[in-house]
Amino acid sequence: MKSIEDIGLDDVTAAYNGLEGDISELLMGEQIHIGGFKSSMDLAERAGIGAGMRGVDLCCCNGAGMRFLVHFRNVASMTGVDATERVVNRGRKRCQEEGIEDRVRFILADVTKSGLPSGSADFVWGEDAWCYVVDKPKLIAEAARVVRRGGTIAFTDWVEGSAGLSDAEADRFMRWMKFATLQDIPGYATLLKESGCTVLEAEDTGRFAEHNDLSLKMIDMQITFDLLRIISFNLDVLQLIRGEFAFMGDLAHAGKIAQGRFIARRE
C-alpha cells in the first residue's frame, strides 16, 4: 500500500465542499465513479444485491449509488455514511426530488466509526470512494462489523495497479486526488480476510484507462466552457486539470493505477 504525508479527512471534505466536487460531477455525472450505471449494475449483479435487502453505503457522497440500488435493484432501504456536509445535503434533496426519501437516509460521520449497529445490514456497498479513507484497515473492519454474518461486502475502488507506481508517480497522483493511502488489489483482499470475510472476487475491472480517456476528451471537446465557469474562467487552472488527467491516463494505460472490484462474504 502506498502512503503520503500531510493529507487527511479534512482535505477530502474541503475538496468536496468546494469546487472539486462540482468538477467531478461535471466530468462523471451524479454517479461519480468509473463506469457509471454499467459499473453499478455489474457490481450489484455479481454480488447478488436485490429486492428486500437492507444496505449501507460507506462514503456515499450524494447518494447516487443508493438511489441506483433503490430504483434498479429494489432494495428495501439504504443508509449512507459520508463526512462531507455539502454532498450529504445534496443527496437528501435529490432523494426527496425522486420520492424515495423514506427508503434512503444519510449519516454525517467518519466511515471508520459510523455508529451503526453491528450486523445491521445485509450488504455494505462502496463505489470508487474508499480510496479517500486514510485508514483502510479500520474501514474494512467497520464494513465487516456493520454487515450481518452471511452478508456481502461489495465495492469498487481506485487502486495501485499490478505494474506498480514509483514513489514520484504515487506522490503526484495521490496529492492531486487527495489520497493519503492507496491500496492494491491483494492488499484489500488480505484486509477482507483478516476481518473475517471470504473473498469471492478481487480483480481489475479493466475500465480505468478507457474512461479516463473519455474524461480527457470531454474536457477538450465538449465541456470546456462549463469547466471554465466552475474555475472562474481561469485558463491556467484548466491546463493544470487537463495535465493531471493526461498524467492519470498514462498511469492507467501502463497498468500502474486501476479500478478494482471486490466482493466478499462475511463469515
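Residues F37, S40, M41 and A44 of α3 meet F68, L69 and F72 of α4, where contact means heavy atoms within 4.5 Å. By class, this contact of α3 with α4 comprises six nonpolar residues, one polar residue and no charged residues; Ala, Val, Leu, Ile, Met, Phe, Trp, Tyr, Cys and Pro count as nonpolar, Asp, Glu, Lys and Arg as charged, and the others, Gly among them, as polar.

The model is a predicted one, in which local features need pLDDT of at least 70 and side-chain atom pairs count only at pLDDT 80 or more, while totals for chains, interfaces and linings use all residues. Residues are numbered from 1 along each chain as its sequence is written, and side-chain values use heavy atoms, with hydrogens and water left out.

**Surroundings of α4**

The two helices pack at an angle of about 65°, with the axes of α3 and α4 11 Å apart; axes are lines fitted to C-alpha atoms, for helices over the stretch in contact, and angles run from 0 to 180 degrees between N-to-C directions. Helices (H or I, at least four residues) and strands (E, at least two) are DSSP runs, numbered from the N terminus. Because seven of its nine residues are buried, α4 is largely enclosed by the rest of the structure; buried means under 20% relative accessible area, exposed over 50%, and partly exposed in between, with a 1.4 Å probe and protein chains only. The buried residues of α4 are A64, G65, M66, R67, F68, L69 and V70, and what covers them includes α3 (36-47), β2, β3 (77-82), α5 (85-97), β4 (104-108) and β5 (121-127).

**Positive phi values**

Most residues other than glycine have a negative phi. The table lists residues that depart from this pattern, with their places.

| Residue | Phi | Place |
|---|---|---|
| C61 | near 50° | loop between β2 (54-58) and α4 (64-72) |
| N74 | about 55° | just after α4 |
| F233 | near 60° | loop between α10 (224-230) and α11 (235-253) |

C61 counts as buried, at 16% relative accessibility, whereas F233 is partly exposed, with a relative accessible area of 47%.

**The sheet**

An open sheet of seven strands runs in the order β4-β3-β2-β5-β6-β9-β8, with mixed pairing, two strands being paired if DSSP finds at least two bridges between them. Since β4 and β8 (197-204) stand at the edges, each with a single partner strand, one side of each is left without a neighbour in the sheet. The twist from one strand to the next averages 15°. Strands β8 and β9 (residues 257-266) pair in the antiparallel sense over seven bridges, and D204 stands opposite G260 in β9. Helix α5 lies across β3 and β4, running at about 165° to β4, while α8 (residues 185-194) packs on the sheet by touching β6 (147-160), β8 and β9, with its direction at about 170° to that of β8.

**Nonpolar cores**

The largest nonpolar core has 39 residues, and those with the most contacts inside it are Y16, W158, F173, F179 and I257; such a core is a set of buried Ala, Val, Leu, Ile, Met, Phe, Trp, Tyr and Cys residues joined through side-chain atoms within 4.5 Å. Two or more residues each come from α1 (9-17), α2 (19-28), α7 (167-177), α9 (208-221), α10 and α11, and the largest share, seven residues, is that of α11. Leaving aside neighbours within four places in sequence, F179 is in contact with I4, I7, C131, Y132, W158, F173 and M174. Another core, of 30 residues, lies apart from the largest one, and V81, V111, L191 and A258 are among its members.
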